[in-house]
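Work through the exercises below with the sequence and the model at hand. Each task is followed by a solution in steps.

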Amino acid sequence: MNKTIRRASVCCLLAVLALLVRATWVQGYQAKALADDEHNRRNTIAQYAQPLGDIIVAGSPVTGSKGTSGGDLRYKRTYTQGELYAAVTGYSSQAYGATQLEGIYSHVLDGTDDRLKNPADLITGKQAAPGNVLTTIDPDVQKAAYEALGGDKGAAVAIDPKTGRILGMVSTPSYDPSTISGTDDGDTWKKLLADKDKPLVNRALRQPLAPGSTFKLVVAAAALENRLYGSVDEATDSPDPYTLPGTRTILRNENASAPCENATLRTALQYSCNNVFAKAAADLGQDKVKEMADAFGFDTEKLDVPVRAAKSVYPTGMDKAQTALTGIGQFEVTATPLQMAMVTAALANGGELAALHMVSSVTDGDGSTLEETEDGKTERVVKESTAEQLRSAMVTVVEKGTGTNAKIPGAEVGGKTGTAQNGVDNSNTPYAWFTSYAKDDSSGKEVAVAVIVEDSGSARSEVSGNGLAAPIAQKMMKAALER
């Protein structure tokens, strides 16, 4: 063999070896990454090759599927009462992907989850029948929240304090996921993205805002747990008006005639006295207030229910004046409605916060359970005595304070209003908050709720937690106790 041929043979051999190595690498090491790549259309074809499994509310599906005409995607997602349940289901779109429960459980719902397959299916790669996702949502609570919010921009969450089950979750304005489930819904998608009210944002979970005076419950809990005050009925050394520490800035109360000077925590909650809670936060210091806030769930990076909630924040690195402002839920404190419902749920449950969940179980097509969420797994947040005292003070708020619109005949109802500043120097319409709990001793049923109304179209002078948010909470709680 001459030298030229030998060199060519070696080059060809090396090229073949390189191709074999590359093929082995792709098949052996990159196969899963390639299969999972979002640009791999085979995944989308497989996802919509058969009717999808369903998301279930109280035994009935709130999703469905229908056949398509033409193309390689045989089915697309449909929704029953799509706007009502959009904050729960999210969307499953042939063009724009999937979100929330649709996204988290996409492989169960489209039948590609290995747990759905028998041994033969695993070997042959055959697609199994899809599974279903069973939620904890109560349709009556959900409907009450959605109808009560109406045309307002806002959100509401309801929780069973003992079990941690999420009974209702609504964000308004909403949208119908059916309108973006296909491949030719580009105009609708663009309108949703351009809408200044952001209907695609789940405000209940994903939009933390200043909680205003509802945060006073956290400060009151910190004051009792750290023995700044011995009880909710002990007088506080709180001047009215109160000057922020190290400044000449005077913090006044919304109601100038309210008995806020040296008021007890009960009276301060009843009249929502800013001076008492600003001073309490400054006296406690940011570390102790933060410790209490974090115990309730603030600053949790991965709060999954199972949809991940945005982090609610209690800030750090503040001076005493800024710390005082956090005592009334301002400065850089932010919270989602879910977070404020967690605060009330823990107090309603004797100081223990149950693990929150919106899915009770996941099943295969025959109804056999693939996974199940345990009810009632709890962590202690505050002492039982602290929770008991704060519940008593919250009842005072509803019975003869700023939260009278939340009353339910025959039930124990406690709550806290909030009106949070919005924009530089409160230049925008304030946020109206209400968080509460209700118990029916005769039935043993109970519920914790948080509501925010970001904008109702009302004049600034008419914006209040009791006027706008409390009636929504009342309707949700009443529906929960009657379920």
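**Exercise 1. Find the bridge partner of T363 in β16, and describe the strand pair.**

Step 1. T363 has T369 as its bridge partner in β16. Strands here are DSSP E runs of at least two residues, helices are H or I runs of at least four, and both are numbered from the N terminus.

Step 2. Strands β15 (residues 359-363) and β16 (residues 369-372) run antiparallel and are joined by three bridges. Two strands pair if DSSP finds at least two bridges between them.

Step 3. The two strands make a hairpin with five residues between them, and G367 in the turn has a positive phi of about 90°.

Conventions: the model is predicted, so local features need pLDDT of at least 70 and side-chain atom pairs pLDDT 80 or more, while totals for chains, interfaces and linings use all residues. Residues are numbered from 1 along each chain as its sequence is written, and side-chain values use heavy atoms, leaving out hydrogens and water.

**Exercise 2. Locate the disulfide and state which parts of the chain it ties together.**

Step 1. Apply the cut-off: a disulfide is a pair of cysteine sulfur atoms within 2.5 Å. The count by this rule is one disulfide.

Step 2. C260 and C273 are the pair, with S to S 2.0 Å. The angle about the S-S bond is -75°, and the link is left-handed.

Step 3. C260 sits in the loop between β11 and α12 and C273 in the loop between α12 and α13, so the link ties together parts 13 residues apart in sequence.

Step 4. Check burial (buried is under 20% relative accessible area, exposed over 50%, partly exposed in between; 1.4 Å probe, protein chains only). C260 has a relative accessible area of 1% and is buried; C273 is buried too, at 0%.

**Exercise 3. Is helix α13 largely enclosed or open? Give its packing partners.**

Step 1. α13 spans residues 274-284, and 10 of its 11 residues are buried. Among them are N274, F277, K279 and L284.

Step 2. The helix is therefore largely enclosed by the rest of the structure.

Step 3. Its buried residues pack against α11 (216-225), β10 (242-243), β11 (250-251), α12 (265-271), α14 (286-296) and α15 (320-326). Contact means heavy atoms within 4.5 Å.

Step 4. Just after α13, G285 takes a positive phi of about 90°.

**Exercise 4. Place L17 in its helix and classify its exposure.**

Step 1. L17 belongs to helix α1 (residues 3-28).

Step 2. Its relative accessibility is 42%, so L17 counts as partly exposed.
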